[in-house]
Amino acid sequence: MKARSVFDEELRKRLKDPEVREVVAELCHDQWSNWMYHLFSKCEKRGTGKSRELVIPAQAVERWQRQMALKYEELLPAEKQSDRNEAGKFVVTFAELLGDP
């Protein structure tokens with residue numbers, strides 16, 4: 001068990017590295033940015049110029065509100081897969097940061 005605690009200590013140090021935080025922050029921004037592109041692509045465009053608005057369709061609002069209210073294990077299989085795909089980006093990033101082959 002001692003080897004495990006040495007590994008855990010090293011892992012904690014590496015995760016506190018400001019460079020690691022920047023890589024994770026970049027990934028978070030990329031995920032947020034991609035979500036915003038997706039969200040805006042679903043919106044109805046109204047008006048022009050400074051009066052321009054984006055309106056989220058009611059069906060999308062209802063779907064996303066339903067998903068927000070659920071725990072992960074309650075999501076539909078396709079919804080879980082979407083979350084797994086996003087989680088995979090973090091797994092790959094952490095593996096690279098931690099030097100995992």
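The expected span of a helix is 1.5 Å times one less than its number of residues. That rule gives a handy starting point for reading this predicted model, beginning with helix α4. With 21 residues, α4 should span 30 Å at 1.5 Å a residue, and its end C-alpha atoms are indeed 30 Å apart, so the expectation and the model agree. Helix α3 can be read in the same spirit: it has twelve residues and reaches 16 Å from its first C-alpha to its last, close to the 16 Å expected.

Helix α3 also has a clear inner and outer side. Its buried residues are A60, W64 and Q67. These residues lie on the same side of α3, because they cover an arc of only 60° around the helix axis. The general geometry of helices helps here: an α-helix has 3.6 residues a turn, so residues three or four places apart point the same way. On the face of α3 turned away from the buried side sit the exposed residues A58, Q59, E62 and A69. As for what lies over the buried residues of α3, the cover includes α2 and α4.

Beyond α3, the chain passes into the loop that connects α3 and α4, and this loop holds L75. Is L75 buried or exposed? With a relative accessible area of 12%, L75 is buried, because buried means under 20%. Leaving out residues up to four places away in sequence, L75 touches Q67, L70, K80 and D83. Of these partners, Q67 has already appeared among the buried residues of α3, and K80 is one of the buried residues of α4.

In α4, the buried residues are E79, K80 and T93. Their cover includes α2 and α3, just as the cover of the buried residues of α3 includes α2 and α4. T93, which has its place in α4, has a relative accessible area of 14% and is therefore buried. Apart from neighbours within four places in sequence, T93 is in contact with V23 and L27. A87 also lies in α4, but at 37% relative accessibility this residue counts as partly exposed. After α4 comes G99, whose phi is positive, near 75°.

The helices also take part in the largest pocket of the model, which holds about 540 Å³ of space. Helices α2 (18-42), α3 (58-69) and α4 (77-97) are the elements that each give two or more residues to its lining. Which residues lie nearest the centre of this pocket? They are W35, Q67, S82, D83 and E86, out of 16 lining residues. The largest share of the lining, seven residues, comes from α4. In character the lining is mixed, with six nonpolar, five polar and five charged residues. Two of the residues nearest the pocket centre, Q67 and D83, are also touched by L75, a link between the pocket and the loop between α3 and α4.

A few further residues help a newcomer to find the way around the model. N34 lies in helix α2 and counts as partly exposed, at 44% relative accessibility. The C-alpha atoms of N34 and A78 are separated by 18 Å, and the two residues are 44 residues apart along the chain. T48 has its place in the loop between β1 (44-46) and β2 (53-55). With a relative accessible area of 64%, T48 is exposed. From T48 to V24, 24 residues apart along the chain, the C-alpha atoms are separated by 37 Å. A87 and K50, for their part, are 37 residues apart in sequence and 37 Å apart in space, C-alpha to C-alpha.

Key:
Residues numbered from 1 in each chain as written. Predicted model: local features only at pLDDT ≥ 70, side-chain atom pairs only at ≥ 80, totals over all residues. Heavy atoms only, no water. 1 Å grid on protein atoms, 1.4 Å probe; cavity = no way out; pocket = protein on both sides within 12 Å on 5 of 7 lines; lining within 4 Å. Points joined across faces, edges and corners; volume = space filled by probe spheres on them. Helix = DSSP H or I, 4+ residues; strand = E, 2+ residues; numbered from the N terminus. Nonpolar A, V, L, I, M, F, W, Y, C, P; charged D, E, K, R; others polar. Buried < 20%, exposed > 50% of the residue type's maximum accessible area, 1.4 Å probe, protein only. Arc of directions from axis to C-beta. Contact = heavy atoms within 4.5 Å.
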